[in-house]
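Trainee: I would like to learn how to read a model like this one. Can we go through it feature by feature?

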Amino acid sequence: MESNRKSNRQVERALCYSTLEKRPSVSPSVIVIGAGFAGIAAARALHNASFQVILLESRNRIGGRVHTDYSFGFPVDLGASWLHGVCKDNPLAPVIGKLGLPMYRTSGDNSVLYDHDLESYALFDMDGNQVPQDLVSRVGETFESILKETDLVRKESSEDMSVQRAISIVFERRPDLRMEGWFAADAETISLQCWDQEKLLPGGHGLMVRGYLPVINTLAKGLDIRLGHRVMKIVRHYNGVKVSVEDGNVFLADAAVIAVPLGVLKSKSIAFEPRLPEWKEAAIDDLGVGIENKIVLHFEEVFWPNVEFLGVVAQTSYECSYFLNLHKATGHAFLVYMPAGKLARDIEKMSDDEAAKFAFTQLQRILPNASAPIQPLVSHWGTDSNSLGSYSYDAVGKPHDVYERLRIPVDNLFFAGEATSDEHPGSVHGAYSTGVAAAEACRMRVLERYGQSELFQVQPAMVMAPPAIPVPLLISRM
């Protein structure tokens, strides 16, 4: 008797279906795994469609790789911090506009270096000498030439190669274009054929001045979110799913939306029963996961040039460094050092104090009289067991449609997240869109089973109703 009561306590039911019989008096249910932007968007859309939804999150907070920290007394995003594509076509525009959240424009549509305009750069050589601004402008022109030449190499080659290999070929043909220090440390792993296949929205790039937390909190309002629930096993049946978490609790539902990061799927820390099909496992294996971290240095006062970007030009990527000056955007005296690739992995082996000292040493190379920081903040996206990477990328020799293969459902399991977006991978709005799409696919699949496909229509994944007249986004630049 006692064992039966214990068993009952361990089963937290998101749904109680045991057969395929219609039960119109009971709302269909879904378990969403992962409370990042994709998972929150999926849960919100299904909740708005009158589904019973439980959202399981392994961390003690929501947001996933979006993490706004307030340790300094003001918001600092340690993860995603930009809205890429500041326009009405961005799916996040309605909620950001409705909340009246300000953004700071860091680049326009035609920026050579994606989210920063070259006129906002201050570059230094290895000896701390500032590169003249006219030379910086010529660097931009050279970079554009390299990209054009690299595209010619792509068209000439019948087989894929790494971006790094293609750039080497360009330099062999055009020694006058040499500028190795500009390229990421892991360019040897990125596919030449697919690296630029994402679709860019117009409107340039806007930094979320108050962080992304107000957006994620708004979308999560009223949802049943279980923090500290690390999913260990997902069992799918013909009529439902059973999800087991680390503490032994079990959740049952009609279907599940899996919105965990690609790095977590690659780690196989979540067991699937039966095993995922070979094509799905291959999709998980074939996509690459990149690492980019932030080391935030807070100072008592501003002592650096009034530019948005401070960078060191060097012969190797490992020697290069750059800092984002967020004083212009926020009014607070802090710089953000952003290592990526191999350098980021090596820094993650250090303690936070050691990492902060490393970043400050890089700053002193260009500003020898820099004052010591008051307090640092350090992210660890590569070693964090809840992420195991920052965002996805196209690996050499793998087709771009691997994103689509990762998205395709397996029976009553649906997949969402930036790594399932073939058009907008590695972006917050990409993750958000996949969550909404997974919710709609899940809704149709579940309700068709019960002959109720016209009921429970998915609504936009917003807590508030969209305004009759679109609210303009607040973006500025000083």
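Trainee: Let me start with a cysteine. Is Cys 87 buried or exposed?

Mentor: First, keep in mind that this is a predicted model. Burial is read from relative accessible area, with under 20% counting as buried. Cys 87 has 12% relative accessibility, so Cys 87 is buried. Cys 442 is buried too, with a relative accessible area of 0%.

Trainee: How many disulfides are there in the whole structure?

Mentor: The general idea: a disulfide is a covalent bond between the sulfur atoms of two cysteines. Here, a search of the whole structure gives zero.

Trainee: What does the overall make-up look like?

Mentor: The protein has 13 helices and 24 strands. Of its 478 residues, 53% are buried. Then look at sequence separation. Take the contacts between residues at least 6 apart in sequence: 73% of them join residues at least 24 apart.

Trainee: Let us take one helix. How is the span of α2 checked against its 12 residues?

Mentor: Use the rise of 1.5 Å a residue. For α2, that predicts a span of 16 Å, and the end C-alpha atoms are 16 Å apart, so the two agree. Just after α2 comes Ser 50, with a positive phi near 70°.

Trainee: How many residues of α2 are buried?

Mentor: Count them along the helix. In α2, 10 of the 12 are buried, so the rest of the structure largely encloses this helix. The buried set runs through Phe 37, Ala 38, Gly 39, Ile 40, Ala 41, Ala 42, Ala 43, Arg 44, Ala 45 and Leu 46.

Trainee: What do the buried residues of α2 pack against?

Mentor: Their partners include the strands β2, β3, β10 and β14. Helices α6 and α13 are also among the partners.

Trainee: At what angle do α2 and α13 pack?

Mentor: For a helix pair, read angle, axis distance and handedness together. Helix α2 (residues 37-48) meets helix α13 (residues 428-449) at about 35°, and the axes are 7 Å apart. The crossing is right-handed. On the α2 side, the contact uses Phe 37, Ala 38, Ala 41, Ala 42, Ala 45 and Leu 46. On the α13 side, the residues include Val 428, Ala 431, Tyr 432, Gly 435 and Arg 443. By class, this contact has 11 nonpolar, two polar and one charged residues.

Trainee: Now the backbone. Which residue follows Glu 273 through a cis peptide bond?

Mentor: Check omega. The bond from Glu 273 to Pro 274 is cis, with omega near -5°. Pro 274 sits in the loop between β15 and α8.

Trainee: What is the phi of Lys 268, and where is Lys 268 found?

Mentor: Look at the sign of phi, then at the setting. Lys 268 is not a glycine, yet its phi is positive, about 60°. Lys 268 lies in the loop between α7 and β15. With a relative accessible area of 54%, Lys 268 is exposed. Asp 411, also not a glycine, has a positive phi of about 55°. Asp 411 is in the loop between α12 and β23. Its relative accessible area is 41%, so Asp 411 is partly exposed.

Trainee: Last one. Which residues does Gly 382 touch?

Mentor: Set aside residues up to four places away in sequence. Gly 382 then touches Ile 291, Glu 348, Leu 388 and Gly 389. Gly 382 and Ile 291 are 91 residues apart along the chain, but their C-alpha atoms are separated by 5.8 Å. Gly 382 lies in the loop between β21 and β22. At 17% relative accessibility, Gly 382 is buried.

Note on methods:
Residues are numbered from 1 along each chain as its sequence is written. This is a predicted model: local features need pLDDT of at least 70, side-chain atom pairs count only at pLDDT 80 or more; totals for chains, interfaces and linings use all residues. Side-chain values use heavy atoms; hydrogens and water are left out. Axes are lines fitted to C-alpha atoms, for helices over the stretch in contact, and angles run from 0 to 180 degrees between N-to-C directions. Helices (H or I, at least four residues) and strands (E, at least two) are DSSP runs, numbered from the N terminus. A crossing is left-handed if the near helix is turned anticlockwise from the far one by less than a right angle, and right-handed if clockwise. Contact means heavy atoms within 4.5 Å. Ala, Val, Leu, Ile, Met, Phe, Trp, Tyr, Cys and Pro count as nonpolar, Asp, Glu, Lys and Arg as charged, and the others, Gly among them, as polar. A disulfide is a pair of cysteine sulfur atoms within 2.5 Å. Buried means under 20% relative accessible area, exposed over 50%, partly exposed in between (1.4 Å probe, protein chains only). The expected span of a helix is 1.5 Å times one less than its number of residues.
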